[in-house]
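Subject: Structure for your files

Hello,

Here is the structure I said I would pass on. Please have it open while you read the notes under it.

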Amino acid sequence: MVPVVGLRDNPVNTIGSALVAAGLALRAPRGGWSETSLIEEVSKASTGQKHGGIALIIDEMGKFLEHAAQNGTDIYVFQQLAEAANRSNGRFLFIGILHQAFGEYATRLSTQLRDDWIKIQGRFVDLAVNVTTREQVDLISRAIEAKRNRNKAENEDRVIAEAIDRRNKNLAQTLAMCWPLHPVVACLLGPISRRRFGQNQRSIFGFLNSAEPHGFQDYLEQAADDARYMPEQLWNYLRANLEPSILASPDGHRWALAANAVDKCESRGGDVLQTALLKTIGVINLFKEQSGIVASNEVLSSCFPLGTKRDLTKALAQLQEWSLIRFKKYEGAYAIVAGSDFDMEQALQEALDESASIDTARLEALAGIQPVLAKKHYHETGAMRWFEIKLVTVADLAATKYDTASTNLAGRFLLAIPTQGESAQQCVDACRTAARHSDHMDIVAGVSDRTSQITRYGLELVALDDVREHHPELREDDVARQEVDARIATVEGLLESELNNALDEATWYRKHQKKPKRLRRAEISKLASDLASKRFDKCPRIHNELLNRARPSASAISAQNELLRRMVVEHGKERLGIEGFPAHGGLFSSILEKTGLYAQQDGSWQFCVPPPSEHNLCRLRPMWDATTEYLREHSSSTVSIQHIYRMWSNPPYGVKEGLMPVLIVAFIMSQRDKIALYRDNVFRARFDDVDIGYLAKDPQTIQIRWMDLSGVDRDILTGIADVVGSLHPEAPISIVEPLAVGRQLIAIYEDLPHWTKRTMRLSKQALQLRDLFKRATDPNQLLFSAIPNALNGDGHHTQDTNAIVNRVRDSLQELVSTFPSMLHRLKSTLLTELHVPNESPQALAELRGRAENIRGLSGDFNLDAFVVRLTQFDATNSSMESIASLAAEKPPRDWTDADLDRATVRIVELAEQFLRAETFTRVKGRPAKRHALAVVVGKGGRPTPYLEEFSIGESDKAAVDDLVRRITGELERADPSTKNVILAALAEISASFMQPTVSDAPEN
């Protein structure tokens, strides 16, 4: 006799060691036991002459089977032992002791493997040792101790005992000792424990000690003293804790029918009694073959002792009317209506027959394989990177490259699956080949001994998914659909478990690694972090979960846009003017403040070049220096921001897309004296919030360029800087750099009035400079090429920087002064026509008073508009622009040279109308603000008299009165009788004042 106790180990080694211990083998073969050597030793021992044969008895044989099912190993050795026993002519006896049927241990295996196990089981003779219902009930009664008068429940116990076995007189008493379990529950626990989802008698005591929801211990905590644990509560326990396992077992179809009926009853508004009846009928029918109990009227009545017979009959009738149950006359019992006739096993087998090969991509989607997160790298840098786990057939692994660049992946772990009978060496060669493609990302290829199980589960999962998708009858069959979904969930769980096991035991190959390594799942995560940190060894360390990611949320983008706006509008202020701690304030603190990108230097807040890495743990300096060097190397042209983004996203930096807008704006602002900004290849004098909008939406539209100078260019730059400074003393240039000077120069042009940018009434030199400004896209090209070539006077580049600077000064001054000069000429014309002697405050106040006096007098809308503007006229350019716009009938931005000619004529016309209107103020009863006079003097010898028309204003009246008093005083001393003499004297005096303004020169 060779006794063996099963272990969770390889049975070959354990049985071989037992043969040695029994003296039937001298020692283990060199190299260890194998199936072949074990069968040879067993056959040799059974044919020996020392004894009549051997009996190999394996207790706990299920341990070997559980190990094989869990690890996907072969059990072919048991088939070989069975065949050896069959050929031994009775000299070799093989006995295995199992707690449940051979095939029940294969529930975790795929359908194909379960079929293989069943074939092996066919080599054995099954001797079932079943405990009777009476024995199981007796075990339960001995396990429960209760203090209660059970007389009231004797009828229930008797009814159930008679339903099981009328000849057994003691069964009722045994059931009574199972209090507080209802006798139906006591009889069902045994059959339940023997089902695939149970564990024999151990499940009975597991249930009695279980604190799970609706379990026995849970019931004891809440139940009243007289209450019993009823069948409906057993239903609730099974559904809450074991439903997935039941659905995946052979009992799944009947369970799905009952569960669906209960759900329908509740949805139709079934009361407590109707629902409890359905649960009771369902759980009784589910195990009626093993328990011997059927849902008869007597049994159901015993399950509801507190209800009246009338209520019970009415509830059963209602359930029949709803077609949820029906009464089977030949059984004399109720059963759940079979609402589904879908043959799950047949449909699955047909789908398996059609699935000749495995679709790894589909399998990955169905199995829900999760990527490997580089956790350590994430904690160090704040950048989340992960490695994708892909199932790849050996044939595809050797023929396809898997290192395609991706912004979201740091690498891939490829698990090779042999599907065409490839050898172990072929799998290794394919893994090595795939690992060599680690150029754009890290590729780690592995192979495991457990991939055969993955293949089988994968085929079954794909077949189940095909059943669900390609059988339209499932849409109307809730029961069948529930059964299919449960099977899919079960296989998915098994597949996930096998994948984890395969990953734990896989051997991995990677580039530049001499020896492959076997890694567990936790070690795979560490390897992912090590690879990510090595590939992105200069990645900035910025811990901000809102933006340090590939695709920030909408709220994070909103906060980012506000921060970007403040970076260009509010720079120079502490915390960019952010008060409190809004979302963009948090971004500022973690991205700009903590990294040192925005700090106080020399007493002011400004954007700074990040400190060297040894002084700053955020590690931004390497990326900053590399970007600066790249721009210097390409200083002859612009560089798109999108190109900078690509450089930053690639190794060794690996910056996430969410951070890039903030970092690029900080980079530009920290180097703003050396970097020129362009939008759609057009130079931008100022970096403003409009540019930020374009940058955030489409980085391709924004370009930058690095600026460098030669000696001659530096002289030109210094001279033009002086010119710009003299024209704008309120905004001095602190740093004489091309960008600063170019920006100010372009700003001068952009600030010019629209008419100045359009008029042709400029000198040739000024026109040339203005055209250069219009076409300027690059400050370097404008300052050091375009301006010298255009303004050197002879059409050739000159080294005479002073001449160039002087021409720039003259041209700029002309451009700046042209518009004010034009307005001054119009103003002079206006004042002259209105008889205003000068621009003194007194003269202008008198003009405003005259305008106010005739306001609304004429009834002419144009003249009234003119008068209204004169009431506010203060001789400034803006007040003159208002009057000129009225005369030109256009706003200043639309003026042309012809418009101003027309405006000049119109101003003269309006002034004449103004003067004419002043003579009619008496019509409205208004005082005259100006007096019109005429003097006619006839002098001897002249054919025509002297004529002078003139007017005086209110301001002249005092001087007139004073002169009249003095003249009158003189004339009063003359003889009053000489009136004619006095008048003649006054006429002579008037003629003498009139002569200079009257031309009596002969005509040509």
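The notes below cover one helix, the nonpolar cores and a surface patch.

Please keep in mind that this is a predicted model.

Helix H2 runs over residues 35-46, twelve residues in total. From its first C-alpha to its last, H2 reaches 17 Å, close to the 16 Å expected at 1.5 Å a residue. Its buried residues are Ser37, Leu38, Ile39, Val42, Ala45 and Ser46. These pack against two helices, H1 (11-21) and H4 (76-86), and two strands, E2 (54-59) and E3 (92-96).

The largest nonpolar core has 61 residues. Leu181, Phe207, Leu234, Leu238 and Leu278 have the most contacts inside this core. Helix H14 (residues 252-267) gives the most to it, with eight residues. Leaving aside residues up to four places away in sequence, Leu238 touches Ile192, Glu243, Ile246, Trp255, Val283 and Phe287. There is also a second, separate core of 48 residues, which includes Leu563, Leu663, Leu677 and Ile702.

On the surface, Leu963, Ile967, Leu971, Leu983, Leu986, Ile989 and Phe993 make a nonpolar patch of about 640 Å². The elements that give two or more residues to this patch are helices H43 (957-972) and H44 (979-994). H44 gives the most, with four residues. Phe993 lies in H44. With a relative accessible area of 67%, Phe993 counts as exposed, because the cut-off for exposed is over 50%.

Regards

Key
Residues numbered from 1 in each chain as written. Predicted model: local features only at pLDDT ≥ 70, side-chain atom pairs only at ≥ 80, totals over all residues. Heavy atoms only, no water. Expected span 1.5 Å × (residues − 1). Buried < 20%, exposed > 50% of the residue type's maximum accessible area, 1.4 Å probe, protein only. Contact = heavy atoms within 4.5 Å. Core = buried A, V, L, I, M, F, W, Y, C linked by side-chain atoms within 4.5 Å. Patch = residues over 30% accessible without salt bridge, like charges linked within 9 Å, V, L, I, M, F, W, Y side chains within 5 Å. Areas by Shrake-Rupley, 256 points an atom, 1.4 Å probe, with all protein chains shown as cover. Salt bridge = Lys/Arg side-chain N within 4 Å of Asp/Glu carboxyl O.
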